[in-house]
Amino acid sequence: MKNKGDFILFILVIAIAAFGLVMIYSSSSIWAEYKFNDAFKFVKAQGLFFFVGIFLMLFLAKVDHHIYYNKANVILFGCFILLILVLIPGIGTVRNGSRSWFGIGSLGIQPSEFAKIGLIIYVSKYLANNKKNMRDIKKGVLPIMVVILVFFVLIMLEPDFGTAMVIVLTLVVLIFISGVKISFFVKIGIVGLVGIVGLIAIAPYRMARIVSFLNPWTDPLGSGFQIIQSLYAIGPGGLIGQGFMNSRQKHFYLPEPQTDFIFSIISEEFGFLGVLIVTSVFFVLFYRVLNISLRQNNLFSKYLSFGLAFGIIIQATLNLMVVVGIIPVTGVTLPFLSYGGSSLLVSMASIGIILNISRN
(Lines give C-alpha, C1' and ligand atoms only; values in the text may rest on other atoms or scores of the structure.)
Protein backbone atom coordinates (compact mmCIF):
# COMPACT_ATOMS: atom_id res chain seq x y z
CA MET A 1 0.00 0.00 0.00
CA LYS A 2 1.36 3.41 -0.96
CA ASN A 3 1.08 6.75 0.84
CA LYS A 4 2.62 10.16 0.24
CA GLY A 5 5.69 9.48 2.35
CA ASP A 6 7.04 11.34 5.37
CA PHE A 7 6.34 15.00 4.57
CA ILE A 8 7.77 16.22 7.90
CA LEU A 9 11.08 14.48 7.14
CA PHE A 10 11.17 16.18 3.74
CA ILE A 11 10.54 19.62 5.26
CA LEU A 12 13.19 19.07 7.96
CA VAL A 13 15.82 18.25 5.36
CA ILE A 14 14.97 21.25 3.18
CA ALA A 15 15.02 23.54 6.22
CA ILE A 16 18.37 22.36 7.59
CA ALA A 17 20.02 22.38 4.14
CA ALA A 18 18.71 25.93 3.50
CA PHE A 19 20.06 26.99 6.89
CA GLY A 20 23.36 25.44 5.83
CA LEU A 21 23.44 27.75 2.80
CA VAL A 22 22.88 30.75 5.06
CA MET A 23 25.68 29.68 7.39
CA ILE A 24 28.06 28.91 4.53
CA TYR A 25 27.62 32.51 3.40
CA SER A 26 28.13 33.83 6.92
CA SER A 27 31.21 31.71 7.59
CA SER A 28 32.90 32.03 4.18
CA SER A 29 32.08 35.54 2.93
CA ILE A 30 35.15 37.23 4.46
CA TRP A 31 37.56 34.60 3.13
CA ALA A 32 35.86 34.41 -0.28
CA GLU A 33 35.93 38.19 -0.69
CA TYR A 34 39.63 38.31 0.18
CA LYS A 35 40.78 35.37 -1.96
CA PHE A 36 38.34 35.39 -4.88
CA ASN A 37 36.89 38.91 -4.77
CA ASP A 38 33.45 37.31 -4.53
CA ALA A 39 31.79 37.00 -1.11
CA PHE A 40 29.18 34.63 -2.58
CA LYS A 41 31.62 32.19 -4.23
CA PHE A 42 31.09 29.28 -1.85
CA VAL A 43 27.39 29.82 -1.30
CA LYS A 44 26.77 29.93 -5.07
CA ALA A 45 28.56 26.62 -5.58
CA GLN A 46 26.72 25.02 -2.66
CA GLY A 47 23.44 26.54 -3.87
CA LEU A 48 23.84 24.73 -7.18
CA PHE A 49 24.25 21.40 -5.38
CA PHE A 50 21.34 22.29 -3.09
CA PHE A 51 18.88 22.66 -5.96
CA VAL A 52 20.25 19.60 -7.74
CA GLY A 53 19.92 17.77 -4.43
CA ILE A 54 16.25 18.74 -4.09
CA PHE A 55 15.44 17.38 -7.55
CA LEU A 56 17.49 14.25 -6.82
CA MET A 57 15.68 13.71 -3.52
CA LEU A 58 12.25 14.14 -5.13
CA PHE A 59 13.23 11.85 -8.00
CA LEU A 60 14.53 9.09 -5.73
CA ALA A 61 11.44 9.41 -3.54
CA LYS A 62 9.42 8.18 -6.54
CA VAL A 63 11.83 5.42 -7.64
CA ASP A 64 10.91 2.01 -6.22
CA HIS A 65 13.79 1.26 -3.83
CA HIS A 66 13.55 -2.48 -4.58
CA ILE A 67 15.37 -1.66 -7.83
CA TYR A 68 18.52 -1.19 -5.74
CA TYR A 69 18.13 -4.74 -4.47
CA ASN A 70 18.29 -6.05 -8.04
CA LYS A 71 21.15 -3.74 -9.03
CA ALA A 72 23.17 -3.89 -5.77
CA ASN A 73 26.12 -5.75 -7.35
CA VAL A 74 26.28 -3.35 -10.29
CA ILE A 75 26.11 -0.31 -8.00
CA LEU A 76 28.89 -1.66 -5.79
CA PHE A 77 31.09 -2.49 -8.79
CA GLY A 78 30.59 1.04 -10.16
CA CYS A 79 31.68 2.50 -6.80
CA PHE A 80 34.71 0.18 -6.82
CA ILE A 81 35.78 1.38 -10.29
CA LEU A 82 35.39 5.05 -9.27
CA LEU A 83 37.56 4.52 -6.19
CA ILE A 84 40.24 2.92 -8.39
CA LEU A 85 40.11 5.72 -10.97
CA VAL A 86 40.40 8.51 -8.42
CA LEU A 87 43.76 7.09 -7.26
CA ILE A 88 45.27 7.43 -10.76
CA PRO A 89 47.35 10.62 -11.18
CA GLY A 90 45.87 12.79 -13.90
CA ILE A 91 42.35 11.51 -13.22
CA GLY A 92 42.01 12.05 -9.48
CA THR A 93 42.65 15.54 -8.10
CA VAL A 94 44.70 16.20 -4.97
CA ARG A 95 43.09 18.53 -2.42
CA ASN A 96 44.38 19.09 1.10
CA GLY A 97 46.83 16.24 0.66
CA SER A 98 44.27 13.62 -0.45
CA ARG A 99 43.72 12.27 -3.95
CA SER A 100 40.00 11.79 -3.38
CA TRP A 101 38.34 14.07 -5.93
CA PHE A 102 37.31 14.20 -9.56
CA GLY A 103 37.79 17.83 -10.59
CA ILE A 104 35.01 19.37 -12.68
CA GLY A 105 36.01 22.97 -13.26
CA SER A 106 36.13 24.68 -9.89
CA LEU A 107 33.85 21.99 -8.44
CA GLY A 108 34.79 18.53 -7.24
CA ILE A 109 33.07 15.16 -6.87
CA GLN A 110 34.20 12.77 -4.12
CA PRO A 111 33.55 9.12 -5.07
CA SER A 112 34.07 7.88 -1.51
CA GLU A 113 30.88 9.75 -0.55
CA PHE A 114 28.87 7.83 -3.14
CA ALA A 115 30.52 4.58 -2.02
CA LYS A 116 28.67 5.05 1.29
CA ILE A 117 25.30 4.52 -0.39
CA GLY A 118 26.64 1.76 -2.64
CA LEU A 119 27.99 -0.21 0.32
CA ILE A 120 24.85 0.32 2.42
CA ILE A 121 22.70 -1.01 -0.45
CA TYR A 122 24.96 -4.03 -0.98
CA VAL A 123 25.27 -4.88 2.73
CA SER A 124 21.49 -4.49 3.18
CA LYS A 125 20.88 -6.98 0.40
CA TYR A 126 23.50 -9.36 1.81
CA LEU A 127 22.00 -9.25 5.31
CA ALA A 128 18.48 -9.77 3.96
CA ASN A 129 19.59 -12.83 1.95
CA ASN A 130 21.77 -14.34 4.69
CA LYS A 131 19.71 -13.83 7.82
CA LYS A 132 20.15 -17.47 8.94
CA ASN A 133 23.90 -17.46 8.27
CA MET A 134 24.72 -14.31 10.27
CA ARG A 135 25.03 -16.37 13.45
CA ASP A 136 27.89 -18.24 11.79
CA ILE A 137 30.98 -16.01 11.66
CA LYS A 138 32.72 -17.94 8.84
CA LYS A 139 29.69 -18.41 6.58
CA GLY A 140 27.85 -15.18 7.25
CA VAL A 141 30.03 -12.43 8.68
CA LEU A 142 33.53 -12.88 7.25
CA PRO A 143 32.55 -12.67 3.54
CA ILE A 144 30.87 -9.28 3.98
CA MET A 145 33.69 -8.04 6.23
CA VAL A 146 36.16 -8.82 3.42
CA VAL A 147 34.14 -6.63 1.02
CA ILE A 148 34.06 -3.80 3.58
CA LEU A 149 37.83 -4.16 4.16
CA VAL A 150 38.57 -3.85 0.43
CA PHE A 151 36.68 -0.56 0.22
CA PHE A 152 38.25 0.64 3.47
CA VAL A 153 41.73 0.06 2.03
CA LEU A 154 40.88 1.87 -1.22
CA ILE A 155 39.59 4.92 0.65
CA MET A 156 42.60 4.90 2.98
CA LEU A 157 44.93 4.94 -0.05
CA GLU A 158 43.58 8.41 -0.95
CA PRO A 159 43.94 8.88 2.13
CA ASP A 160 40.56 9.79 3.66
CA PHE A 161 40.51 8.43 7.20
CA GLY A 162 37.35 10.31 8.22
CA THR A 163 35.12 8.98 5.43
CA ALA A 164 36.55 5.47 5.83
CA MET A 165 35.69 5.51 9.53
CA VAL A 166 32.13 6.75 8.89
CA ILE A 167 31.55 3.93 6.39
CA VAL A 168 33.02 1.21 8.62
CA LEU A 169 31.12 2.35 11.73
CA THR A 170 27.86 2.58 9.76
CA LEU A 171 28.21 -0.92 8.31
CA VAL A 172 29.36 -2.45 11.60
CA VAL A 173 26.24 -1.04 13.32
CA LEU A 174 24.11 -2.42 10.47
CA ILE A 175 25.69 -5.86 10.84
CA PHE A 176 25.24 -5.67 14.62
CA ILE A 177 21.46 -5.19 14.39
CA SER A 178 21.26 -8.21 12.07
CA GLY A 179 21.83 -10.46 15.09
CA VAL A 180 25.57 -11.23 15.03
CA LYS A 181 27.00 -12.39 18.36
CA ILE A 182 28.34 -9.61 20.58
CA SER A 183 31.55 -11.58 21.18
CA PHE A 184 32.45 -11.08 17.51
CA PHE A 185 32.26 -7.30 17.89
CA VAL A 186 34.46 -7.43 20.98
CA LYS A 187 37.11 -9.26 18.95
CA ILE A 188 36.72 -7.05 15.89
CA GLY A 189 36.86 -4.00 18.17
CA ILE A 190 40.23 -5.10 19.53
CA VAL A 191 41.53 -5.74 16.01
CA GLY A 192 40.16 -2.39 14.87
CA LEU A 193 41.81 -0.57 17.77
CA VAL A 194 45.16 -2.16 16.96
CA GLY A 195 44.65 -1.24 13.30
CA ILE A 196 43.83 2.38 14.14
CA VAL A 197 46.95 2.61 16.32
CA GLY A 198 48.97 1.24 13.41
CA LEU A 199 47.47 3.73 10.94
CA ILE A 200 48.25 6.56 13.32
CA ALA A 201 51.79 5.36 13.90
CA ILE A 202 52.69 5.17 10.19
CA ALA A 203 51.33 8.66 9.39
CA PRO A 204 53.03 11.55 11.24
CA TYR A 205 50.16 13.95 10.55
CA ARG A 206 47.72 11.60 12.30
CA MET A 207 50.04 11.37 15.31
CA ALA A 208 50.18 15.17 15.35
CA ARG A 209 46.38 15.24 15.45
CA ILE A 210 46.36 12.88 18.45
CA VAL A 211 48.93 14.99 20.30
CA SER A 212 47.01 18.18 19.51
CA PHE A 213 43.81 16.51 20.66
CA LEU A 214 45.32 15.56 24.03
CA ASN A 215 46.90 18.99 24.49
CA PRO A 216 46.40 21.44 21.60
CA TRP A 217 48.64 23.97 23.33
CA THR A 218 51.71 21.80 22.65
CA ASP A 219 51.58 23.20 19.10
CA PRO A 220 49.13 26.13 19.17
CA LEU A 221 50.21 27.49 15.78
CA GLY A 222 50.40 24.08 14.09
CA SER A 223 48.45 20.89 14.69
CA GLY A 224 46.53 22.36 17.63
CA PHE A 225 45.57 25.60 15.88
CA GLN A 226 42.25 24.47 14.42
CA ILE A 227 40.75 22.98 17.58
CA ILE A 228 41.90 25.96 19.68
CA GLN A 229 40.23 28.40 17.29
CA SER A 230 37.12 26.22 17.26
CA LEU A 231 36.87 26.37 21.04
CA TYR A 232 37.47 30.14 20.91
CA ALA A 233 34.42 30.34 18.61
CA ILE A 234 32.20 28.15 20.79
CA GLY A 235 33.15 29.76 24.12
CA PRO A 236 31.82 33.31 23.57
CA GLY A 237 28.53 32.10 22.06
CA GLY A 238 26.72 32.10 25.38
CA LEU A 239 22.98 31.58 25.39
CA ILE A 240 21.93 33.45 22.22
CA GLY A 241 25.27 34.05 20.49
CA GLN A 242 27.00 37.08 19.02
CA GLY A 243 24.38 37.51 16.31
CA PHE A 244 24.17 36.50 12.66
CA MET A 245 27.26 37.54 10.64
CA ASN A 246 29.02 38.67 13.84
CA SER A 247 31.47 35.79 14.23
CA ARG A 248 35.03 36.88 14.99
CA GLN A 249 36.71 33.56 14.32
CA LYS A 250 35.76 33.58 10.63
CA HIS A 251 38.06 36.59 10.19
CA PHE A 252 41.04 34.41 9.21
CA TYR A 253 41.36 32.72 12.61
CA LEU A 254 39.47 29.44 12.08
CA PRO A 255 40.74 27.91 8.78
CA GLU A 256 38.02 27.31 6.15
CA PRO A 257 35.17 27.58 8.68
CA GLN A 258 32.54 26.76 6.03
CA THR A 259 33.62 23.11 5.92
CA ASP A 260 34.29 20.77 8.86
CA PHE A 261 34.00 23.45 11.56
CA ILE A 262 30.85 25.26 10.45
CA PHE A 263 29.18 24.18 13.69
CA SER A 264 31.71 26.36 15.57
CA ILE A 265 30.43 29.42 13.70
CA ILE A 266 26.81 28.41 14.34
CA SER A 267 27.63 28.17 18.03
CA GLU A 268 29.41 31.53 18.03
CA GLU A 269 26.66 33.41 16.18
CA PHE A 270 23.57 31.69 17.62
CA GLY A 271 24.85 30.43 20.97
CA PHE A 272 23.47 27.52 22.95
CA LEU A 273 20.00 28.14 21.50
CA GLY A 274 21.30 27.61 17.96
CA VAL A 275 23.21 24.50 19.03
CA LEU A 276 20.06 23.11 20.67
CA ILE A 277 17.93 23.73 17.57
CA VAL A 278 20.43 22.14 15.15
CA THR A 279 21.00 19.05 17.30
CA SER A 280 17.24 18.73 17.86
CA VAL A 281 16.64 18.71 14.10
CA PHE A 282 19.13 15.84 13.72
CA PHE A 283 17.48 14.00 16.60
CA VAL A 284 13.98 14.36 15.13
CA LEU A 285 15.28 13.37 11.68
CA PHE A 286 16.86 10.21 13.10
CA TYR A 287 13.76 9.41 15.17
CA ARG A 288 11.45 9.64 12.16
CA VAL A 289 13.71 7.44 10.02
CA LEU A 290 13.91 4.83 12.79
CA ASN A 291 10.11 4.76 12.89
CA ILE A 292 10.04 4.25 9.13
CA SER A 293 12.55 1.38 9.46
CA LEU A 294 10.68 -0.34 12.27
CA ARG A 295 7.45 -0.33 10.24
CA GLN A 296 9.01 -2.28 7.36
CA ASN A 297 8.21 -5.96 6.92
CA ASN A 298 10.66 -6.41 4.06
CA LEU A 299 14.16 -7.08 5.45
CA PHE A 300 15.97 -5.26 2.65
CA SER A 301 13.82 -2.14 3.17
CA LYS A 302 14.42 -2.30 6.92
CA TYR A 303 18.21 -2.65 6.65
CA LEU A 304 18.48 -0.05 3.89
CA SER A 305 16.60 2.65 5.82
CA PHE A 306 18.51 1.81 9.02
CA GLY A 307 21.84 1.99 7.20
CA LEU A 308 21.13 5.30 5.48
CA ALA A 309 19.96 6.81 8.79
CA PHE A 310 23.01 5.55 10.67
CA GLY A 311 25.30 6.91 7.94
CA ILE A 312 23.96 10.45 8.42
CA ILE A 313 23.80 10.37 12.21
CA ILE A 314 27.21 8.75 12.75
CA GLN A 315 28.83 11.33 10.48
CA ALA A 316 27.03 14.19 12.25
CA THR A 317 28.02 12.82 15.66
CA LEU A 318 31.70 12.46 14.69
CA ASN A 319 31.75 16.02 13.32
CA LEU A 320 30.20 17.51 16.47
CA MET A 321 32.58 15.53 18.70
CA VAL A 322 35.57 16.91 16.75
CA VAL A 323 34.30 20.49 16.92
CA VAL A 324 33.98 20.45 20.72
CA GLY A 325 37.27 18.58 21.20
CA ILE A 326 35.97 15.18 22.34
CA ILE A 327 37.83 13.27 19.60
CA PRO A 328 40.76 14.16 17.29
CA VAL A 329 40.14 15.92 13.98
CA THR A 330 38.78 13.41 11.44
CA GLY A 331 37.99 15.62 8.46
CA VAL A 332 34.30 14.67 8.14
CA THR A 333 31.69 17.25 7.22
CA LEU A 334 28.44 18.01 9.06
CA PRO A 335 25.64 16.58 6.86
CA PHE A 336 23.38 19.16 5.16
CA LEU A 337 25.27 22.09 6.75
CA SER A 338 28.96 21.96 5.77
CA TYR A 339 30.24 23.20 2.42
CA GLY A 340 30.73 20.21 0.12
CA GLY A 341 28.67 19.27 -2.91
CA SER A 342 29.27 15.52 -2.78
CA SER A 343 28.35 15.33 0.90
CA LEU A 344 25.14 17.31 0.35
CA LEU A 345 24.07 15.28 -2.69
CA VAL A 346 24.68 11.96 -0.92
CA SER A 347 22.83 13.10 2.21
CA MET A 348 19.82 14.31 0.20
CA ALA A 349 19.88 11.19 -2.00
CA SER A 350 19.82 9.08 1.18
CA ILE A 351 16.73 10.93 2.37
CA GLY A 352 15.12 10.50 -1.07
CA ILE A 353 15.52 6.72 -0.83
CA ILE A 354 14.16 6.77 2.74
CA LEU A 355 11.14 8.79 1.58
CA ASN A 356 10.38 6.11 -1.00
CA ILE A 357 10.66 3.42 1.68
CA SER A 358 8.26 5.44 3.87
CA ARG A 359 5.62 5.30 1.11
CA ASN A 360 5.12 1.54 1.64
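In this predicted model, E256 counts as partly exposed, at 39% relative accessibility. The residue is placed in the loop between helix 10 and helix 11, and its phi is near 40°, a positive value in a residue other than glycine. The loop between helix 10 (225-234) and helix 11 (262-294) also holds M245. Phi of M245 is likewise positive, near 75°, and this residue too is not a glycine. M245 has a relative accessible area of 28% and is therefore partly exposed, since that class lies between the 20% limit for buried and the 50% limit for exposed residues.

Most residues other than glycine have a negative phi, and most peptide bonds are trans. A departure of the second kind is found at the peptide bond from E158 to P159, which is cis, with omega near -5°. P159 belongs to the loop that links helix 6 (137-156) and helix 7 (161-176).

The largest nonpolar core comprises 101 residues. Helix 12, spanning residues 299-323, gives the most to this core, with 14 residues. The residues with the most contacts inside the core are L9, I175, F282, L304, F336 and I351. For L9, the contacts were examined with neighbours within four places in sequence left aside. On that basis, L9 is in contact with L285, R288, V289 and I292, and also with I351, I354 and L355. I351 thus appears both among the partners of L9 and among the core residues with the most contacts.

Conventions
Residues numbered from 1 in each chain as written. Predicted model: local features only at pLDDT ≥ 70, side-chain atom pairs only at ≥ 80, totals over all residues. Heavy atoms only, no water. Core = buried A, V, L, I, M, F, W, Y, C linked by side-chain atoms within 4.5 Å. Buried < 20%, exposed > 50% of the residue type's maximum accessible area, 1.4 Å probe, protein only. Helix = DSSP H or I, 4+ residues; strand = E, 2+ residues; numbered from the N terminus. Contact = heavy atoms within 4.5 Å.
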